[in-house]
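User: I am new to this structure and would like to be walked through it by way of questions. Please reason each answer out carefully.

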Amino acid sequence: MTQAPEVRTAPARQMWPLYAAGFTTAFGAHGIAANLGGFSDDAVTSLMVLGGLLALYDGAEVLLKPVFGTLADRVGARPVLLGGLVAFAAASAVYAVADSPGWLWAARLGQGAAASAFSPSASALVARLNPAAKHGRAFGSYGFYKSIGYTLGPLLGGVLVWAGGLRLMFTVLVVLGAAVAVWAALAVPVVPPLPKARQTVLDLARRLTHPAFLRPTAALAAATAALSVGVGFLPVSGRAAGLGTVTTGAAVSVLAACAAIVQPRAGRALDGGRLTARGGITVGLLITAAGLACAMLPGLLGVLSGAALIGVGTGLITPLGFAALAASTPTERLGQTMGAAELGRELGDAGGPLLVAAVATLTTLTLGYAALAVLLAIGPALGLARRASRCR
């Protein structure tokens with residue numbers, strides 16, 4: 001492993017553009033996705049078209065995040081961050097200017113590809129600009145602003161689309177992407193790539209199959225799966241219980257708010273030695289599983305308690321998972337690792353709702369929640385059982 005030069009905690013002015021980049025990818029993804037079906041009859045003519053537009057963005061991220069993460073290690077994370085933000089603004093401008101259903105597909109594909117560049121680069125820079133002892137706090141803050149983007153995306157996006165159509169939403173994303181790119185260019189310092197020992201495909205495979213990578217990545221994927229299920233299916237449970245759209249929307253906001261509040265605190269607890277990454281992730285998975293179990297309860301109690309616990313659990317897992325990945329990764333390979341970990345999160349983002357939907361189709365939504373809850377609890381339960389047997 002190449003020894004990275006000692007770094008000091010980055011000043012806030014250097015970190016704010018990275019937090020803004022995290023907000024941008026979350027706000028752009030959820031702001032458009034949540035409003036495609038309801039306000040764009042000209043472009044979204046069927047559920048199949050809607051599904052295709054939603055999958056296009058995520059599909060680009062699944063394919064390209066590891067690629068851009070590796071590129072960030074090779075040429076430096078800052079150029080990839082800036083290029084991705086500029087490309088995001090340009091892709092958003094495609095539909096803002098053209099206002100054609102055909103160009104909407106190109107815009108979403110371009111946005112997904114651009115987010116694949118600047119999202120893992122921002123994560124790598126969060127790690128590179130801060131010492132290992134401060135990674136928990138740094139990733140906690142980064143996750144906080146991403147959660148704010150996830151929260152405001154559907155809400156503010158709905159207002160924008162209502163006021164000026166889908167073009168206004170894309171226009172705002174043009175301005176946002178360009179503004180963050182300029183801000184990052186002025187404030188984020190140059191972080192040169194570190195010299196790397198030659199890495200074979202076998203070396204890469206060993207590193208990405210090592211428990212130090214697999215455990216936190218699997219936890220991040222599980223957290224993202226639960227988060228997506230909570231956002232997508234808790235409103236369905238609320239409507240089935242006779243709750244109005246305002247109440248179900250508030251429940252989703254509770255989920256995102258709990259995740260946003262917990263992440264910085266979890267990061268500070270990790271840096272202060274009051275919490276270990278492994279222990280915190282285990283507790284986070286169990287809390288998240290408990291939240292899914294609470295979602296099985298009928299009525300408002302089930303929806304709100306499920307949302308709150310899923311938010312708290314995922315808020316614990318996310319900063320601790322990324323900090324664990326940064327701690328176990330050679331500094332010169334941070335971009336590659338973050339890109340691969342983001343791939344895991346994208347698979348969880350898609351796999352969680354698919355699992356719950358499949359089980360719900362065959363049985364009930366309640367059993368769909370139960371299936372994902374059991375899947376999340378298996379790993380921590382086995383780990384706790386192994387530790388108990390060793391202590392005897």
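User: Is Trp 162 buried or exposed?

Analyst: This is a predicted model, and in it Trp 162 belongs to helix α6, which covers residues 135–187. A residue counts as exposed when its relative accessible area is over 50%. Because Trp 162 reaches 67% relative accessibility, it falls in the class called exposed.

User: Which residues form a nonpolar patch on the surface, and about how much accessible area do they have together?

Analyst: Trp 162, the exposed residue just discussed, is one member of this patch. Leu 152, Leu 156 and Val 159 are the other members, and the accessible area of Leu 152, Leu 156, Val 159 and Trp 162 together is about 420 Å².

User: How many helices does the chain have?

Analyst: Read along the sequence, the pattern is α-α-α-α-α-α-α-α-α-α-α-α-α. In keeping with that pattern, the chain has zero strands, while its helices number 13.

User: What percentage of the residues of the chain count as buried?

Analyst: The chain exposes about 16600 Å², and carbon and sulfur atoms supply 70% of that area. Among contacts with a separation of 6 or more, 84% are accounted for by residues 24 or more positions apart. A residue is called buried when its relative accessible area is under 20%, and of the 392 residues of the chain the part that counts as buried is 50%.

User: Which residue forms a salt bridge with Lys 65?

Analyst: The structure holds one salt bridge, and its closest N and O atoms are 3.6 Å apart, which fits the cut-off of 4 Å. Both residues of the pair are buried. Since they are four residues apart in helix α3 (residues 47–75), about one helical turn separates Lys 65 from its partner, Glu 61.

User: Is Ser 119 buried or exposed, and with which residues is it in contact beyond its neighbours within four places in sequence?

Analyst: Ser 119 has its place in helix α5, residues 101–128. Because its relative accessibility is 1%, Ser 119 counts as buried. Leaving aside neighbours within four places in sequence, Ser 119 is in contact with Lys 65, which also takes part in the salt bridge, and with Thr 25, Tyr 142, Lys 146 and Glu 342.

User: Which element gives the largest share of the lining of the largest cavity?

Analyst: The count comes to one cavity of 30 Å³ or more, and the largest cavity has a volume of about 90 Å³. Its lining consists of 15 residues, with Ala 72, Asp 73, Ala 77, Arg 128 and Thr 331 lying nearest the centre. The elements that give two or more residues to this lining are α3, α5 and α12 (334–362), and the largest share, three residues, comes from α5.

User: Which element gives the largest share of the lining of the second largest pocket?

Analyst: The second largest pocket holds about 660 Å³ of space, and of the 31 residues that line it, Arg 215, Ala 218, Ala 219, Ile 281 and Leu 285 are closest to its centre. Two or more lining residues come from each of α8 (211–240), α10 (277–294), α11 (299–328), α12 and α13 (365–391). The largest share of this lining, eleven residues, is given by α13.

Technical notes. Residues numbered from 1 in each chain as written. Predicted model: local features only at pLDDT ≥ 70, side-chain atom pairs only at ≥ 80, totals over all residues. Heavy atoms only, no water. Patch = residues over 30% accessible without salt bridge, like charges linked within 9 Å, V, L, I, M, F, W, Y side chains within 5 Å. Areas by Shrake-Rupley, 256 points an atom, 1.4 Å probe, with all protein chains shown as cover. Salt bridge = Lys/Arg side-chain N within 4 Å of Asp/Glu carboxyl O. Buried < 20%, exposed > 50% of the residue type's maximum accessible area, 1.4 Å probe, protein only. Contact = heavy atoms within 4.5 Å. 1 Å grid on protein atoms, 1.4 Å probe; cavity = no way out; pocket = protein on both sides within 12 Å on 5 of 7 lines; lining within 4 Å. Points joined across faces, edges and corners; volume = space filled by probe spheres on them.
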